[in-house]
Amino acid sequence: MTMTHFMDLVHPAAGTALISEWLTGTPERSHAAADAMIDQWAAADTPSALLAQHLFISTAGASLLFYAQWTSDEDHLVWARARRLEMVSRVDTLVPGIERPGLNRTRLHRSVVHDAKCRPGVFAVTTMTADDAENTVMAAPGLLGEHIHVTTDGERAIVVTEWTDAAAQEAATTDGLDVKQYTLHHAFLNDRPGPLPLRRR
């Protein structure tokens, strides 16, 4: 599968990017949870402050990654206090036992696009200190782009890189880094008429 570029997923008006992981355990549970969440999004009224909502599935199949962009953290908190529990509870009824390590409130700090023509085959996500992210200059065969998100406390960075394929990413991985690979499962921008198309070979 080939996918859209990460920068196509970024909403220019976003004031915050919320990144969270759901640990499901198996590919079957991941797909069931993803489909249930997409159904919840489709059935609910989309708040105007939610600018984009993207869902990734790990290539290992054991987890989901959510990448949501809101106008501000405050706007998200207003919605979360009123609606999040109800939405998540419905998913948990269908897929019980999902583990949620926590939500990361971030800002997209810097993006470097190495190749805007070739479509990514996989996204890789890793967490490091903000200083380490600033000092890391990547260049590797198959690397199409890197996107550094810094948490609101300024301590950590979540780095999303896009690659031609999984093998290229694995060949460039530095020992000691905890890297997870994902493919894009669902993409939605609030100012477009529908989900972004996922490109397939």
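Over how many bridges do strand β5 and strand β7 pair? Strand β5 covers residues 122-129, strand β7 covers residues 156-163, and the two pair in the antiparallel sense over eight bridges. Two strands count as paired if DSSP finds at least two bridges between them. Strands (E, at least two residues) and helices (H or I, at least four) are DSSP runs, numbered from the N terminus.

This is a predicted model, where local features need pLDDT of at least 70, side-chain atom pairs count only at pLDDT 80 or more, and totals for chains, interfaces and linings use all residues. Residues are numbered from 1 along each chain as its sequence is written, and side-chain values use heavy atoms, with hydrogens and water left out.

**The barrel**

Eight strands close into a barrel. Their order is β1-β3-β2-β8-β5-β7-β6-β4, with antiparallel pairing. Neighbouring strands of this sheet are turned by 35° against each other on average, direction ignored. Angles run from 0 to 180 degrees between N-to-C directions, and axes are lines fitted to C-alpha atoms, for helices over the stretch in contact.

Three of the pairs are listed here.

| Strand pair | Bridges | One bridge partner pair |
|---|---|---|
| β5 and β7, antiparallel | eight bridges | T126 and V159 |
| β2 and β8, antiparallel | seven bridges | L55 and H186 |
| β5 and β8, antiparallel | four bridges | V125 and K180 |

**The helices**

Helix α1 (residues 27-43) packs on the sheet. It touches β1 (16-23), β2 (50-58), β3 (63-70) and β8 (179-189). Contact means heavy atoms within 4.5 Å. The direction of α1 makes about 165° with that of β2.

Helix α2 covers residues 73-94. The axes of α1 and α2 come within 9 Å and cross at roughly 145°. From α1, the contact uses A33, A36, M37, Q40 and W41. From α2, it uses M87, R90, V91 and L94. By class, this contact has seven nonpolar, one polar and one charged residues. Here Ala, Val, Leu, Ile, Met, Phe, Trp, Tyr, Cys and Pro count as nonpolar, Asp, Glu, Lys and Arg as charged, and the others, Gly among them, as polar.

**The pocket**

The largest pocket holds about 620 Å³ of space. On a 1 Å grid over the protein atoms alone, a pocket is an open set of points with protein on both sides within 12 Å along at least five of seven lines. A cavity is a set of points where a 1.4 Å probe fits but cannot get out. Lining residues have an atom within 4 Å of a point. Grid points are joined across faces, edges and corners, and a volume is the space filled by probe spheres set on the points.

The pocket is lined by 29 residues, and M37, W41, Q53, W79 and M87 are the closest to its centre. β1, α1, β2, β3, α2 and β8 each supply at least two lining residues. Helix α2 gives the most, with six residues. The lining divides into 19 nonpolar, six polar and four charged residues.

**The cavity**

A search of the whole structure finds one cavity of 30 Å³ or more. The largest cavity has a volume of about 50 Å³. Its lining includes F6, I19, F56, L65 and Y67. F123, V125, I158 and V160 also line it. Strands β3, β5 and β7 give two or more residues each. By class, the lining has nine nonpolar, no polar and no charged residues.
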